[in-house]
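User: Hello! I would like to learn how to read a model like this one, feature by feature. Could you take me through it?

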Amino acid sequence: MRTTVGIIGGGPAGLLLARLLHRAGIDCVVLEARTREYVEQRQRAGMLEQGTVDALREAGAAERLEREGLVHQGIELRFERERHHIDFPALTGGRTVTIYAQTEIVKDLVALQLADGPPLLYEAEALAVEKPESATPVVRFRHEGRERTLTCDWVAGCDGYHGVSRDAFPAGTARSYAHDYPYSWLGVLAEVAPSGDELIYARGERGFALHSMRSPTVSRLYLQVPNGTDPDDWPDDRIWDELAARFAIDGDWTLHRGPIMSKSVTTMRSYVHEPMRHGRLLLAGDAAHIVPPTGAKGLNLAVSDVRVLARGLTRLHRTGDTQLLDRYSELCLQRVWQATRFSDDMTKMLHAQPDGDAFDHRMQLARLRRITASRHAAAELATNYAGLPLPV
Ligand code: FAD
Ligand code: DHB
């Protein structure tokens with residue numbers, strides 16, 4: 001097979017890139033290792049920055065998102081049994097965020113792609129990217145029991161954190177930075193109306209809890225748990241009791257309980273791979289960087305990378321100008337490091353530290369009090385949460 005852009009990975013990054021390239025008249029092929037059903041059901045992110053919504057609109061993939069997405073004006077911080085509203089429009093000059101599940105974005109992009117191309121191959125596992133320095137890099141992959149090759153002008157590595165694209169950077173051409181956190185998240189999806197209109201980030205001595213939602217009838221909740229936790233050790237009643245204890249405030253508020261549809265445990269890691277380009281291989285999304293989920297940045301970063309990449313490839317296609325592609329890694333990484341810093345700050349401020357002492361505990365509270373007492377500090381949080389400006 002031959003194509004202009006070979007895209008490895010049919011998650012949000014790969015699918016959005018394919019859509020943007022298709023609209024710009026650039027041909028591409030997407031190789032996805034798993035089945036369509038698996039990719040469409042994988043529970044992950046849900047909070048979209050305005051720039052992410054704009055990018056999906058630009059790709060012609062926002063019709064259902066505009067109908068069903070829940071626009072949020074801010075978040076709530078809970079600590080010491082108090083609740084504090086952080087008002088995004090007032091603090092950021094009118095910006096908001098939107099709740100719309102990653103599973104739904106993927107379903108919308110897959111439906112468009114299967115309707116009018118470009119090709120999307122499921123159960124097509126990339127094995128390696130070869131000759132990334134040459135004018136015609138090759139992706140070796142396995143499909144329908146046979147080993148095949150895809151020869152490309154460019155390869156986009158959108159194959160997530162466990163993909164193979166990063167391995168094609170020869171030794172000495174890249175450096176990675178990683179940090180593991182000493183706790184995980186137990187995430188549950190529950191068939192029950194959300195217990196409020198806003199996302200709630202709660203910090204307490206029992207640990208962190210997050211209340212999010214997927215629709216007016218489905219709630220998404222997360223609990224800080226120790227690394228190595230087995231979700232089977234958390235029967236539904238235990239989960240609801242623990243959530244109720246962590247969200248408790250002085251005053252009126254009730255946690256709505258309902259049937260739990262799924263449970264899973266996610267470890268937490270920061271990781272950045274620099275640079276994001278080697279020759280004609282360009283990494284985007286989780287293939288190049290991951291953040292702990294507390295700031296809800298992972299999916300948003302994947303989309304902002306793809307936007308730069310699509311613009312760079314489109315400019316090259318239309319005018320022969322490589323300037324934007326040449327600056328791809330540098331442009332993306334500035335935003336990646338800021339999102340990594342923000343996610344790390346949010347994570348450390350809100351989670352109970354397993355080996356923390358009384359001093360650490362008071363520092364966390366002082367950080368939270370500063371946000372609720374100072375408009376300047378609240379604006380800093382709101383600006384980062386709602387999303388820093390896109391690189392292009
Ligand atoms: P992915 O979504 O990982 O997509 C990569 C795709 O490549 C996958 O479909 C994979 O099957 C495919 N692939 C992998 N290897 C190969 C190969 N060799 N050949 C072909 N295809 C391959 N972010 C948030 O903002 N909030 C959250 O709550 C949140 N929760 C998360 C929970 C989990 C368990 C995980 C793993 C991530 C979570 N994230 C969250 C992060 C967010 O979901 C990711 O940042 C986002 O999925 C990145 O999109 P991506 O397309 O870059 O990567
Ligand atoms: C969601 C996940 C997050 O990590 C977050 O910070 C906010 C929302 C969610 O899944 O809805």
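Analyst: Happy to! Let's begin with the labels: helices and strands are DSSP runs, of at least four residues for a helix and at least two for a strand, numbered from the N terminus. With those labels, lysine 131 can be placed in the loop between β9 (124–130) and β10 (138–143). Please keep in mind that this is a predicted model.

User: What is the phi of lysine 131 near?

Analyst: Phi there is near 50°, which is a positive value in a residue other than glycine.

User: Now the peptide bonds. Which residues does a cis peptide bond join, with omega about -5°?

Analyst: Those are glycine 117 and proline 118. The proline of this pair sits in the loop that runs between α6 (102–116) and β8 (120–121). Another cis peptide bond links glutamate 274 to proline 275, with omega about -10°. Proline 275 is also in a loop, this one between β17 and β18 (277–278).

User: How should I read the record for this protein? Where does UniProt place the feature "domain: FAD-binding"?

Analyst: The unreviewed UniProt entry puts that feature at residues 2–343. Annotations of this kind may be inferred rather than shown by experiment. In the model, residues 2–343 are 31% helix and 32% strand, and 40 Å lie between the C-alpha atoms at the two ends.

User: Which residues make up domain 1 and domain 2 in the domain assignment?

Analyst: Domain 1 is made of 5–71 + 98–178 + 268–350, and domain 2 of 181–267 + 354–386. Taken over C-alpha atoms, their centres are 28 Å apart. Where they touch, domain 1 supplies 16 residues and domain 2 supplies 23 residues.

User: Which elements give two or more residues to the side of domain 1 that touches domain 2?

Analyst: β17 (260–274) and α10 do. The biggest giver is α10, with four residues. By residue class, this side of domain 1 has nine nonpolar, five polar and two charged residues.

User: Since α10 has come up, how do I read the way it packs on another helix? What is the angle between α8 and α10?

Analyst: Helix α8 (residues 298–319) and helix α10 (residues 328–350) pack at about 165°, and their axes are 10 Å apart. An angle over 145 degrees counts as roughly antiparallel, so α8 and α10 are roughly antiparallel to each other. Their crossing is right-handed.

User: Which residues of α8 and α10 meet?

Analyst: From α8 come Leu301, Ser304, Asp305, Val308, Leu309 and Gly312; they meet Tyr328, Leu331, Cys332, Arg335, Val336 and Ala339 of α10. Sorted by class, that contact has eight nonpolar, two polar and two charged residues.

User: And α3 with α8: at what angle do their axes cross?

Analyst: Helix α3 (residues 50–58) crosses α8 at roughly 50°, and the axes come within 9 Å. That value is neither under 35 degrees nor in the 65 to 115 range, which makes α3 oblique to α8. Here the crossing is left-handed.

User: Which residues of α3 meet α8?

Analyst: Gly51, Thr52 and Ala55 do, and their partners in α8 are Asn300, Val303, Ser304 and Arg307. This contact divides into two nonpolar, four polar and one charged. You can now follow Ser304 through both lists: α8 uses this residue to meet α10, and α8 also uses Ser304 to meet α3.

Notes
Residues are numbered from 1 along each chain as its sequence is written. Chains are lettered from A and ligands numbered from 1 in the order in which they are written. This is a predicted model: local features need pLDDT of at least 70, side-chain atom pairs count only at pLDDT 80 or more; totals for chains, interfaces and linings use all residues. Axes are lines fitted to C-alpha atoms, for helices over the stretch in contact, and angles run from 0 to 180 degrees between N-to-C directions. A crossing is left-handed if the near helix is turned anticlockwise from the far one by less than a right angle, and right-handed if clockwise. Two residues are in contact if their C-beta atoms, placed from the backbone, lie within 7 Å. Ala, Val, Leu, Ile, Met, Phe, Trp, Tyr, Cys and Pro count as nonpolar, Asp, Glu, Lys and Arg as charged, and the others, Gly among them, as polar. Domain bounds come from an automatic or database domain assignment.
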